[in-house]
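Subject: Structure for your review

Dear colleague,

Please find the structure below, handed over for your study. A description of the findings follows it.

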Amino acid sequence: MTSDIAAVEAVLWLYLDALHEGNVDGLAQAFAPGSALYASTNGEVSIIALEPWLERVRNRKSPKDSGHESRNDIFSIEVEGDMALAKVTSTFPPKRFIDFLSLVRTNAGWKIVAKTYHAIDI
């Protein structure tokens, strides 16, 4: 179990560091193909597939390039068999994001399969 948590933690830091740096290749490595991102916006569920989201990241200035220090962190990791759930935070002023990430163990290692997030103004 300890090695599973360490492996999941490594994927989470890959995701958080890539997010801060705008590293689309790193983000693509952290996610499984076909993954999606979910949020509630004005009471409606919004869903974006992985590829269009990666394109958004590719076409925007990263938090790092915007002069912001990384204030990303991992709050929790739970592992059960071949699935894991993590709560993380990332900051891209003027927003702070709280993510719940679902991960599964694949032949290529742990991968994020879904991101549910909430943004708050800071």
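Let us begin with a single residue: Ser-90 is part of strand E4. Please note that the model is a predicted one. Is Ser-90 buried or exposed? Its relative accessibility is 5%, and buried means under 20%, so Ser-90 counts as buried. Setting aside residues up to four places away in sequence, Ser-90 touches Leu-16, Leu-19, Asn-72, Lys-95, Arg-96 and Phe-97.

The next topic is the nonpolar core. The largest nonpolar core has 26 residues. Which of them touch the most other members? They are Leu-12, Tyr-15, Leu-27, Trp-53, Leu-103 and Ile-112. At least two residues of this core come from each of the helices H1 (2–21), H2 (24–30) and H3, and from each of the strands E1 (31–41), E3 (73–80), E4 (83–92), E5 (95–106) and E6 (109–121). Helix H1 gives the most, with seven residues.

Ile-112 may serve as an example from this core. When neighbours within four places in sequence are left aside, Ile-112 is in contact with Val-11, Tyr-15, Ala-30, Phe-31, Ala-32, Ser-35, Leu-101, Ser-102 and Leu-103.

Two of these contacts of Ile-112, Tyr-15 and Phe-31, lead to the aromatic rings. How many aromatic pairs does the structure hold? There are three. In the pair of Tyr-15 and Phe-31, the ring centres are 5.8 Å apart and the planes stand at 75 degrees, so the pair is edge-to-face. Tyr-15 belongs to helix H1 and Phe-31 to strand E1, so this pair ties together parts that are 16 residues apart in sequence. Both Tyr-15 and Phe-31 are buried. Ring pairs also link Trp-53 with Tyr-15 and Phe-31 into a cluster.

Trp-53 brings us to helix H3, which covers residues 50–58. Along H3, the residues Leu-50, Trp-53, Leu-54 and Val-57 are buried. Why do these residues lie on the same side of H3? They cover an arc of only 100 degrees around the axis, which puts them there. In general, an α-helix has 3.6 residues a turn, so residues three or four places apart point the same way. The exposed residues Glu-51 and Arg-56 are carried by the face of H3 turned away from its buried side.

One further ring deserves mention. Lys-115 lies over the face of Tyr-117, at 5.4 Å from the ring centre.

Yours sincerely

Key:
Residues are numbered from 1 along each chain as its sequence is written. This is a predicted model: local features need pLDDT of at least 70, side-chain atom pairs count only at pLDDT 80 or more; totals for chains, interfaces and linings use all residues. Side-chain values use heavy atoms; hydrogens and water are left out. Buried means under 20% relative accessible area, exposed over 50%, partly exposed in between (1.4 Å probe, protein chains only). Helices (H or I, at least four residues) and strands (E, at least two) are DSSP runs, numbered from the N terminus. The arc is that of the directions from the helix axis to the C-beta atoms. A nonpolar core is a set of buried Ala, Val, Leu, Ile, Met, Phe, Trp, Tyr and Cys residues joined through side-chain atoms within 4.5 Å. Contact means heavy atoms within 4.5 Å. Rings of Phe, Tyr and Trp (its six-membered ring) pair if their centres lie within 6.5 Å; planes under 30 degrees apart count as stacked, over 60 as edge-to-face and the rest as tilted. A charge sits over a ring if NZ of Lys or CZ of Arg is within 6 Å of the ring centre and within 35 degrees of the ring normal.
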